[in-house]
Amino acid sequence: MYEWMSRYVDAIGMSPASVVTTVFGAFCVAFVVIICWGKLVEDFGPAGGFIAGAIIIGTFWVMNHKLPGFGINPEGIPHPDGGSKQFGLIYQGFRGAGPWADMGAAVGMGLWVCGLCETRKGERRLLAIESVPRLTAAIAGGIVGGVIVGLVGWTGANLFGYK
Amino acid sequence: MKFVSTAIGGAIIGALAFGIWPEMWKSYGIMGGWLASAVLVGICWYMNHWLGIISNEPGRIWVDQGWAVCSAGIAWGMVRFGEQFFQALPTLICCLIGGGLAGIAAAHVKKRNPRFQPRDAATEVEKIEEVSHV
């Protein structure tokens, strides 16, 4: 079984263990956000949203995306293949050579599927179609923001005389 | 207009998350990442979802700012480090599967857990009957 599962490791860039940790990490963060965030906002108003952003997203960021290191100026533990070892649950594909896949996708998908399950059966298709343009706009906006922040790496400004 | 404001909100959370989060982590370690999430997600949630810059009318399926963070992460990696999109796909698909499972599980939990039923007694009876038919 394990050999069969390990056959495509090179092709998809992640081992079966990474699949398990990634799915589990995504499940945990999405479940906690769906269950707790709304209730915190209901109980505390906008301050509840700030609390949720800190304690839910912050805590699950540590679980899902942390990199090794402790305190100020963390030094990564080197990976034999180069780069730093990862200890977070959500595995970054091809030993970190792939672009950053964030747990935001899990939260968004969880809230979307939860909304779909909560509507009545006859209305589901219409509501799903209605949400697609908004979804596309949010994703397109994210792409614009990410591309522009990524361009910073290409400006090559040499500030304050550092070399 | 609502699509434009949705896109603007997505662009702002995406740019903030990947302009600041890695630097905060590199400077202050785990605590920096935690602090970044408190500051960035806190203020962006206030703008996008409390004030409604990302358009979510009541009764519709929720579109979260998490989508924008994810697409920004992939676009940022592709532009800044020259990585390829397909290399993020396996992790992305696993994330979507895990999130979808959580959505189904949470919808069922919310249907049955007494804390998620409406407080009003009349609607509560209706709800219980509705649930028992399911």
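Start by selecting chain A and colouring it by pLDDT, the predictor's confidence in each residue, from 0 to 100. Its mean pLDDT is 85, and 85% of its residues reach 70 or more. This is a predicted model, in which local features need pLDDT of at least 70 and side-chain atom pairs count only at pLDDT 80 or more, while totals for chains, interfaces and linings use all residues. Residues are numbered from 1 along each chain as its sequence is written, and chains are lettered from A in the order in which they are written.

Next, show chain A as a cartoon. It has seven helices and zero strands; helices (H or I, at least four residues) and strands (E, at least two) are DSSP runs, numbered from the N terminus. Select residues 2–5, helix H1 of chain A, where confidence is lowest at a mean of 74. Then select H6(A), where confidence is highest, at 94. Now go to residues 70–74 of chain A, over which pLDDT stays under 50.

Add chain B. In this view, 80 residues of chain A are in contact with 69 residues of chain B; two residues are in contact if their C-beta atoms, placed from the backbone, lie within 7 Å. H7(A) gives the most to the side of chain A that touches chain B, with 23 residues. By class, that side has 53 nonpolar, 22 polar and five charged residues. Here Ala, Val, Leu, Ile, Met, Phe, Trp, Tyr, Cys and Pro count as nonpolar, Asp, Glu, Lys and Arg as charged, and the others, Gly among them, as polar.

Which residues have the most contacts inside the largest nonpolar core? Select A:Ala26, A:Ala30, A:Ala105 and B:Cys95; the core has 78 residues. A nonpolar core is a set of buried Ala, Val, Leu, Ile, Met, Phe, Trp, Tyr and Cys residues joined through C-beta atoms within 7 Å. The largest share of this core, 16 residues, comes from H1(B). Zoom in on A:Ala26: leaving aside neighbours within four places in sequence, its contacts include A:Ile90, A:Met103, B:Cys94 and B:Gly98.

Last, select A:Leu40, in helix H3 of chain A. Is A:Leu40 buried or partly exposed? A:Leu40 is partly exposed because 19 other C-beta atoms lie within 10 Å; a residue is buried with 20 or more, exposed with 12 or fewer, and partly exposed in between, with C-beta atoms placed from the backbone. Not counting residues up to four places away in sequence, A:Leu40 touches A:Gly48, A:Ile51 and A:Ala52. From C-alpha to C-alpha, A:Leu40 and A:Ile51 are 8.0 Å apart.
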